[in-house]
Amino acid sequence: MAEGQSDLPKSIQGEQLAETGIVRASDEDVDLYVDRVSDEVLACRERGRHLFPTIRQAGIHFTEVDDEGLFVRRLTCTCCQLAVKVERWEGVRQRGRTRFHRVASNLEYRTGPDGQSYLAETGRGRMTPRQIGDSVASKALSGQTLAALRKAANQAAREAAKEAGGAPRQTRARRTTTEAG
């Protein structure tokens with residue numbers, strides 16, 4: 001066994017797992033990315049997925065037949081307009097009717113008319129939806145103090161409680177007897 005490695009079983013949380021080689025982007029790189037892309041791109045990045053129309057919404061139209069004889073269907077994200085879902089379908093004749101089966105699907109990204117790109121620059125690391133959301137929230141709340149934000153949140157809770165006809169919810173978690181013990 002290599003030096004420094006343990007023969008202990010790996011935990012569910014994966015503390016002993018080997019590095020995967022995927023590096024997360026720094027907060028500064030995420031902030032720079034958030035500054036240069038549109039709100040639509042940020043919506044897809046923060047959501048962690050694209051919005052493609054369903055077959056019932058868009059219909060099913062094939063744009064080409066690939067070298068393997070599969071039908072190719074392309075769909076553009078209705079939100080960011082930069083992601084294209086490329087589906088490959090196979091048509092099979094069975095018992096007097098034709099059935100279609102999606103065989104493969106992948107995403108392609110294109111550059112927007114103003115040079116905007118969905119993907120961050122290479123070498124910056126992977127940007128997670130949480131990092132994007134954190135950056136957007138930090139920019140939206142910049143210039144406000146934590147004390148002012150707490151005061152506004154507590155005021156909103158009191159007003160909501162009045163409207164509901166009850167007492168305001170406790171904002172701090174109470175310690176249980178096992179925690180205090």
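Here are a few friendly notes on this predicted model.

1. Starting with the overall layout, the chain carries six helices and four strands. Along the sequence these elements run α-α-α-β-β-β-β-α-α-α, with the four strands placed between helices in that pattern.

2. On burial, the chain has 181 residues, and 20% of them are buried. Two of the cysteines discussed below, cysteine 44 and cysteine 79, count as buried.

3. You may want to look at the cysteines together. The structure holds zero disulfides. Cysteine 44 has the sulfur of cysteine 77 as its nearest cysteine sulfur, 3.6 Å away, and is in no disulfide. A disulfide here needs the two sulfur atoms within 2.5 Å, so the 3.6 Å between cysteine 44 and cysteine 77 does not qualify. Cysteine 44 has 0% relative accessibility and therefore counts as buried.

4. Cysteine 79 makes a good companion to that point. Its nearest cysteine sulfur belongs to cysteine 44, at 3.9 Å, and cysteine 79 is likewise in no disulfide. With a relative accessibility of 17%, cysteine 79 counts as buried, because the cut-off for buried is under 20%.

5. Turning to the surface, which residues form a negative patch? They are Asp27, Glu28, Glu46 and Asp134. One of them, glutamate 46, belongs to helix H2, which covers residues 39–47. Glutamate 46 has 41% relative accessibility, so this residue counts as partly exposed; the partly exposed class lies between under 20% for buried and over 50% for exposed.

Conventions: Residues are numbered from 1 along each chain as its sequence is written. This is a predicted model: local features need pLDDT of at least 70, side-chain atom pairs count only at pLDDT 80 or more; totals for chains, interfaces and linings use all residues. Side-chain values use heavy atoms; hydrogens and water are left out. Patches are made of residues with over 30% relative accessible area and no salt bridge: like charges are joined within 9 Å, nonpolar side chains (Val, Leu, Ile, Met, Phe, Trp, Tyr) within 5 Å. Accessible areas come from the Shrake-Rupley method with a 1.4 Å probe; for residues, only the protein chains shown count as cover. A salt bridge is a side-chain nitrogen of Lys or Arg within 4 Å of a carboxyl oxygen of Asp or Glu. Lys and Arg count as positive and Asp and Glu as negative; His and the chain ends are not counted. The place of a charge is taken as NZ of Lys, CZ of Arg, CG of Asp or CD of Glu. Helices (H or I, at least four residues) and strands (E, at least two) are DSSP runs, numbered from the N terminus. Buried means under 20% relative accessible area, exposed over 50%, partly exposed in between (1.4 Å probe, protein chains only).
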